[in-house]
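Please examine the structure shown below before reading on. The paragraphs that follow lead through it step by step.

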Amino acid sequence: MGNMEVKQPSYSSIGKSAPRIEGAKKVSGAALYTADHLLPGTVWGKVLRSPYAHARIKRLDTERAKAHPGVLAVLTAADIPAVLTGRRLRDMPMLARERARFIGEKIAVVAAADRNVAEEAGQLIDVDYEELTPVFDPLAAITEGAPELHERLAEYQGLPQIGKPLKKYLLP
Amino acid sequence: MAKLELQVNGDTLDVEVAEISLLLDALREGLGMTGTKRGCETSHCGACTVLLGGVAVHSCVVLAARCEGKAITTVEGLSQDGELNDLQRLFLKHGALQCGYCTPGMLMAATALLRRNPKPTLEEVKGGLDGNLCRCTGYTGIFEAIQACALSGK
């Protein structure tokens, strides 16, 4: 048969080390991430969030915050359309309306030309909460008598089509 | 507003910031040096790590006004004449970064570690990076890069 020397094909990438294209920029601090793009006229936002897992918002007064020097705007649910957001089930308002349903839910948002001013103004928003009983367990949540988190649940878009009235799924 | 004179990477720089500004704010927004990253603002993640008088600190909890007269070193100060230093090169070689967001902080913490302990054990490397979190790499490449740097004599 004789000697057969198999010619190894040469590749441009296979079997070769591929340096990270953006590597040098990342280790030198030169790589620009989204927050590194500082454009003139940038406005800074600060969000006031609910400290309670479930609470009624009894009073929400933004007058002191709006009056704080350097504040451009303070928004609450009253200032925006009553749109519910969500990936499939649309159940979350962009800013809490009447009720906070989780710790961290956005209550109000401040805009200012300076990040420190936005932070200070957030602390000038007057909120009175009435704490409500939270529910953290899905089985507890569908038990008769459990706290009702969404009064208008039947109207929400994105609910699974299950063919039976929701009440039938409540555990006794 | 306060006018501060900061020593950054060997240069004397004038910056005007709010009195309550943090060192992180002064570097990023005041001086436009965005290499130091804002990760948590609560001193947990270490993305904001810089050297203050040679000591690694979380710049998100240091007042800028307190830093006058002290040498500040940021990631931008590691390269020499546009050339990456050994630690930076070894980070690239050992896959010590993916998204790269923790990398400036890791490099500064590693620099401080190797300055005070030129031949750290693996445990000492881990200890030296105690104040830095990474969500991408699983840390192994970072440890390897630092140990390789220590072996090569920096």
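A:Glu98 is exposed, because just 11 other C-beta atoms lie within 10 Å, and a residue counts as exposed if that number is 12 or fewer. In this predicted model, A:Glu98 belongs to the loop between β5 (92–93) and β6 of chain A. The backbone of A:Glu98 deserves attention too: its phi is near 70°, a positive value in a residue other than glycine.

Chain B offers a further example of this kind. B:Glu41 is not a glycine, yet it has a positive phi of about 60°. The loop between α1 and β3 of chain B is where B:Glu41 is found. With 15 C-beta neighbours inside 10 Å, B:Glu41 counts as partly exposed, because partly exposed residues fall between the limit of 12 or fewer for exposed and that of 20 or more for buried.

The loop that holds A:Glu98 leads to β6 of chain A, and β6 is part of a sheet. In that open sheet, three strands of chain A follow the order β6-β2-β8, with antiparallel pairing. The edge strands, each pairing on one side only, are β6 (99–100) and β8 (126–131) of chain A. Strand β2 (residues 55–61) of chain A pairs with β8(A) over six bridges, in the antiparallel sense. For A:Arg56, the bridge partner in β8(A) is A:Glu130.

From the sheet, the path turns to the interior. In soluble globular proteins, nonpolar side chains tend to be buried together. The largest nonpolar core of this model contains 48 residues, and among those with the most contacts inside it are B:Leu23, B:Phe91 and B:Met106. Several elements of chain B each supply at least two residues of this core, including β1 (2–8), β2 (11–17), α1 (23–30) and α5 (140–151). Which element gives the most to this core? It is α3(B), with seven residues. The core also draws at least three residues from each of domain 1 (2–77) and domain 2 (86–151) of chain B.

One member of this core can be followed in detail. Not counting residues up to four places away in sequence, B:Leu23 touches B:Val50, B:Ser59, B:Val62, B:Ala64 and B:Cys67. A second, separate core has 17 residues, and A:Ala65, A:Ala112, A:Ala118 and A:Ile125 are included in it.

The division of chain B into domains can now be considered. Chain B is divided into domain 1 (2–77) and domain 2 (86–151), and the C-alpha centres of these two domains lie 21 Å apart. Their contact takes 15 residues from domain 1 of chain B and 13 residues from domain 2 of chain B. On the side of domain 1 that touches domain 2, the elements giving two or more residues are β3 and β4 of chain B. The residues of that side of domain 1 divide into eight nonpolar, six polar and one charged.

The last step concerns the place where the chains meet. How many residues does the contact take from chain B and from chain A? It takes 21 residues from chain B and 15 residues from chain A. On the side of chain B that touches chain A, the elements that give two or more residues are α2 and α3 of chain B. By class, that side of chain B has ten nonpolar, eight polar and three charged residues. Thus α3 of chain B appears both in this contact and as the element that gives the most to the largest nonpolar core.

Conventions. Residues are numbered from 1 along each chain as its sequence is written. Chains are lettered from A and ligands numbered from 1 in the order in which they are written. This is a predicted model: local features need pLDDT of at least 70, side-chain atom pairs count only at pLDDT 80 or more; totals for chains, interfaces and linings use all residues. A nonpolar core is a set of buried Ala, Val, Leu, Ile, Met, Phe, Trp, Tyr and Cys residues joined through C-beta atoms within 7 Å. Helices (H or I, at least four residues) and strands (E, at least two) are DSSP runs, numbered from the N terminus. Domain bounds come from an automatic or database domain assignment. Two residues are in contact if their C-beta atoms, placed from the backbone, lie within 7 Å. Ala, Val, Leu, Ile, Met, Phe, Trp, Tyr, Cys and Pro count as nonpolar, Asp, Glu, Lys and Arg as charged, and the others, Gly among them, as polar. Two strands pair if DSSP finds at least two bridges between them.
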